[in-house]
Amino acid sequence: MSSDREAAILEHGFTAVPRDVDEKILKGAKNVKDPIPLSTEHIDFPSEPLVQKIQEYARAHLNEQTFNHSMRVYYYGRAILHTQFPQWTVSPSTYAIACLLHDIGTTEHNLHSTLLSFEFHGAFVSSSLLASLSAPQAQNDAVVEAIIRHQDIGTVGTITTLGQVLQLATIFDNMGGHAELVHEETIKDVVAKWPRNGWSKCFAQTIRTENGLKPWAHTTALGDEDFPKGVLGNKLMEPYD
């Protein structure tokens, strides 16, 4: 393996980790160690031009609730990495881009403009956008893979580090999954900066809209009704909705 390839794998979070969080990563425990309070002031958001352009694009194309969700996913994921998995390597910039674009396929236009499941179409949209902004190919590939697989929940096989962090953070925000990975004070601070504004109802409706438009959608793998009901039953985030 060339040194350039090895460096790209480490930088952009391509290192393989198990899909099975409960048994193979946490080994039956609730967390690796007790989380500590982290504020958004102590978690840097990348300032490089590429990330700023992607953030502007996401803000312009996503509704406010989905944009805020994408930002919360960034901060929750960084908190999870910091306290639970500091040995996992992924560029904050690549992670930020994946967070900002992971739900780009759920816009009204994107849902209705294709027969593809939203994650797949969103990944293609993101790849074209990143190419137009001259992002490194390895970074483009990492973001595309993570977006395609961010609802690929399971226990068999592996996933990229970037993909696993994105999964953990989205499930945490959407369903309160693995609630013990992030400190309550971190949640309060993140929500104060990026309010939910009824996100649970908003996202549940998006799920039902896609499943209605595309009965074959990949989202159905999480359960036609189980998934939206799980989102609506998010007790961890209920006080903030």
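Modeller: Let me start with the vocabulary: helices are DSSP runs of H or I with at least four residues, strands are runs of E with at least two, and they are numbered from the N terminus. This is a predicted model, in which local features need pLDDT of at least 70 and side-chain atom pairs count only at pLDDT 80 or more, while totals for chains, interfaces and linings use all residues. Residues are numbered from 1 along each chain as its sequence is written, and side-chain values use heavy atoms, with hydrogens and water left out.

Biologist: Thanks! Which loop holds S134?

Modeller: S134 is not a glycine, yet its phi is positive, at about 60°. At 61% relative accessibility S134 counts as exposed (buried is under 20% relative accessible area, exposed over 50%, partly exposed in between, with a 1.4 Å probe and protein chains only). Its place is the loop between α7 (118-132) and α8 (137-148).

Biologist: And what value is the phi of H178 near?

Modeller: H178 sits in the loop between α9 and α10 (184-193). With 24% relative accessibility, H178 is partly exposed. This residue is other than glycine, but its phi is positive, near 50°.

Biologist: On to the rings. Which kind of pair do F45 and Y74 make?

Modeller: The structure holds 8 aromatic pairs. The ring centres of F45 and Y74 are 4.9 Å apart and their planes lie at 70°, so this pair is edge-to-face. As for the rule, rings of Phe, Tyr and Trp (its six-membered ring) pair if their centres lie within 6.5 Å, and planes under 30 degrees apart count as stacked, the rest as tilted, and those over 60 as edge-to-face.

Biologist: How many residues apart in sequence are the parts that F45 and Y74 tie together?

Modeller: F45 lies in the loop between α2 (21-25) and α3 (49-61). Y74 belongs to helix α4 (residues 64-83), so the pair ties together parts whose separation in sequence is 29 residues.

Biologist: Are F45 and Y74 buried or exposed?

Modeller: F45 has 18% relative accessibility, which puts it in the buried class. Y74 shares that label, and thus F45 and Y74 are both buried.

Biologist: How far apart along the chain are Y76 and F172?

Modeller: Y76 and F172 form an edge-to-face aromatic pair, with 4.9 Å from centre to centre and 70° between the planes. Y76 is in helix α4 and F172 in helix α9 (residues 161-175), so distant parts of the chain are linked, with a separation of 96 residues.

Biologist: What is the relative accessible area of Y76?

Modeller: Its partner F172 is buried, at 0% relative accessibility. Y76 is buried as well, with a relative accessible area of 0%.

Biologist: Now the inside. Which helix gives the largest share of the lining of the largest cavity?

Modeller: There is 1 cavity of 30 Å³ or more, and the largest cavity holds about 40 Å³ of space (on a 1 Å grid over the protein atoms alone, a cavity is a set of points where a 1.4 Å probe fits but cannot get out, and lining residues have an atom within 4 Å of a point; points are joined across faces, edges and corners, and the volume is the space filled by probe spheres set on them). Its lining consists of T106, L111, F118, T206, I207, E210 and T219. These divide into 3 nonpolar, 3 polar and 1 charged (Ala, Val, Leu, Ile, Met, Phe, Trp, Tyr, Cys and Pro are nonpolar, Asp, Glu, Lys and Arg charged, the others, Gly among them, polar). The largest share, 3 residues, comes from helix α11 (residues 199-213).

Biologist: What arc do the buried residues of α3 cover?

Modeller: α3 has 13 residues and reaches 18 Å from first C-alpha to last, close to the 18 Å expected at 1.5 Å a residue (the expected span is 1.5 Å times one less than the number of residues). L50, V51, I54, Q55 and A58 are its buried residues. They lie on the same side of α3, because their arc around the axis (that of the directions from the helix axis to the C-beta atoms) is only 135°.

Biologist: Which residues are exposed on the other side of α3?

Modeller: An α-helix has 3.6 residues a turn, so residues three or four places apart point the same way. Opposite the buried face of α3, the exposed residues are P49, E56 and A60.

How values were computed. 1 Å grid on protein atoms, 1.4 Å probe; cavity = no way out; pocket = protein on both sides within 12 Å on 5 of 7 lines; lining within 4 Å.
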